[in-house]
Amino acid sequence: MSTPAGVPLRPGKIIAVHVAYESRSAQRGKRPSQPSYFLKATSSLAASGESIERPAGTSLLAFEGEIAIIIGAAARAVSADEAWTYVEGVTASNDFGLYDIKAPDKGSNLRSKSRDGYTPLGPNIIPAAEADPQSLRIRTWVNGEVKQDDGTSAAQLIFPLTQIVADLSQHMTLEPGDVILTGTPAGSTVVAPGDTVEVEVSTASASAGSELTSGRLVTNVVEGPGEFDPKLGSTPAVTEALQADAWGSREAAGLAPEETAPEETEPEESTVGLSEDLRAKLTEAPTAGLSAQLRGRGLNNVVIEGVSPLVPGNKVVGTAKTLRFVPNREDLFKSHGGGYNAQKRAFDSLRSGEVVVIEARGESGSGTLGDVLALRAKAQGATGVITDGGVRDSAEVAGILPVFATAKNPAVLGRKHVPWESDVAVACGNATVLPGDVIVGDDDGVIVIPRDLVEDVVDAALEKEIEDGWVAEQVAAGNPIESLFPPKGEWKEKFDAWKASR
């Protein structure tokens with residue numbers, strides 16, 4: 001492993017943030033609600049002026065200019081306010097990734113981003129005491145042309161640098177010399193052999209008023225050997241989705257625009273997400289009460305029929321991420337069932353607070369998910385899965401996250417289903433579910449609530465719960481249910497008086 005000039009520390013670990021910049025989030029079309037991370041091998045470290053190899057036969061080597069935080073003192077469970085005092089300094093870094101081999105490890109990025117030389121760092125450290133964490137600037141050049149130019153102000157970063165340090169410290173001890181790569185802004189794209197990439201971090205000195213800089217981190221791209229043994233593991237494979245991600249957009253990759261019907265467009269985060277207050281109300285409200293309120297508003301066909309929780313007592317609240325299977329046909333499974341199929345893409349693109357709703361046509365003759373997909377859903381922040389099909393690895397899945405299904409079945413997907421598409425209207429358990437619909441499930445079953453009705457419905461349901469609780473007390477005391485359930489006449493007056501006194 002090379003030691004970057006001016007950065008003498010050999011890190012115990014290199015931690016990288018998936019997405020932290022508003023500009024990158026806007027470019028990708030998804031805004032995370034919480035930071036998420038992956039690890040890079042320390043053997044990927046390289047110094048300024050060294051070369052990076054793009055293996056022969058691959059085409060999607062992408063740069064990501066980033067600000068690297070160097071930890072100076074052991075940090076465990078520190079607050080965001082004190083986090084910066086545990087930082088030695090910052091420098092420039094380049095979080096290179098080979099998208100050709102990303103699909104099998106998407107999320108962990110292990111093989112695509114831990115190759116030798118894929119983490120250039122340096123050349124010099126800007127002392128943390130001289131740097132305001134909200135006033136740093138990051139720039140990247142390719143062959144002398146500026147490709148990235150962004151900063152760390154509150155308007156530019158989704159997650160402040162101090163939050164990232166504090167968050168990581170509540171899960172692990174950050175040790176002196178550890179490196180945190182803090183995400184890349186918009187502008188990351190593909191480079192090829194012969195290109196030169198430069199990254200620089202700069203800031204105004206907190207004491208002297210002059211500019212401080214990491215110096216330019218220079219990396220030269222060359223072609224390397226491309227032997228990948230398929231007997232040992234996955235080999236390079238390119239999809240349109242990977243091309244678009246690596247280049248930054250379908251247009252930059254030379255791909256035709258996607259033709260997406262308006263109703264199939266992924267809802268904006270502000271529309272999809274549930275506030276903590278609303279989520280708490282939905283968690284408290286029983287599905288029976290919510291169903292009654294929907295029925296009172298003319299919606300009777302909102303129950304996902306035939307599904308029950310793998311673990312009695314589990315509750316699911318979230319917004320729908322839909323996935324559709326079609327009946328198995330051998331030629332279609334050959335073209336759509338293997339590789340990075342619609343099912344895997346759906347689970348990889350989950351957002352925090354979403355519930356996967358799977359249309360399996362009530363066919364329980366095979367599993368529609370197993371433990372690996374359940375683990376991926378949990379890692380992405382999903383709150384559960386609803387399927388009108390079967391579940392494999394049911395004991396393991398039951399311990400990972402709430403899942404409602406029709407049956408348990410050990411058979412693999414291809415016995416009955418072909419994963420076809422996601423983020424479309426689906427029919428799950430005889431209920432139509434649209435992306436972004438609110439899903440609530442408990443021991444009584446699962447219901448679908450249109451997003452524009454949810455606040456009104458849950459408030460009314462909780463109000464009715466108060467009344468029903470009072471009625472239950474009266475019945476338990478020996479009173480007949482006539483005129484009491486629901487309260488009428490004298491009983492209504494008694495209830496109103498009781499309610500007013502609370």
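Start by selecting Glu493, which is exposed, with a relative accessible area of 58%; exposed means over 50%, buried under 20%, and partly exposed in between, using a 1.4 Å probe and protein chains only. This is a predicted model, in which local features need pLDDT of at least 70, side-chain atom pairs count only at pLDDT 80 or more, and totals for chains, interfaces and linings use all residues. Residues are numbered from 1 along each chain as its sequence is written, and side-chain values use heavy atoms, leaving out hydrogens and water.

Widen the selection to residues 489-501, helix α13, in which Glu493 lies. Helices (H or I, at least four residues) and strands (E, at least two) are DSSP runs, numbered from the N terminus. Now add Val457: Glu493 and Val457 are 36 residues apart in sequence and 25 Å apart in space, C-alpha to C-alpha.

Next, select strand β5, residues 61-62, which is joined to β8 by two bridges, the two strands running antiparallel. Two strands count as paired if DSSP finds at least two bridges between them. Opposite Ala62 you will find Gly97 of β8. Show β13 as well, and an open sheet of three strands appears, in the order β8-β5-β13 with antiparallel pairing. β8 (97-98) and β13 (190-191) are the edges; each has a single partner strand, so one side of each has no neighbour in the sheet.

Finally, go to helix α4, residues 240-247, where Leu242, Ala244, Asp245 and Ala246 are buried. Which elements cover these buried residues of α4? Among them are α1 (22-28), β5 and β13, where contact means heavy atoms within 4.5 Å. Step past the end of α4 to Gly248, whose phi is positive, near 110 degrees.
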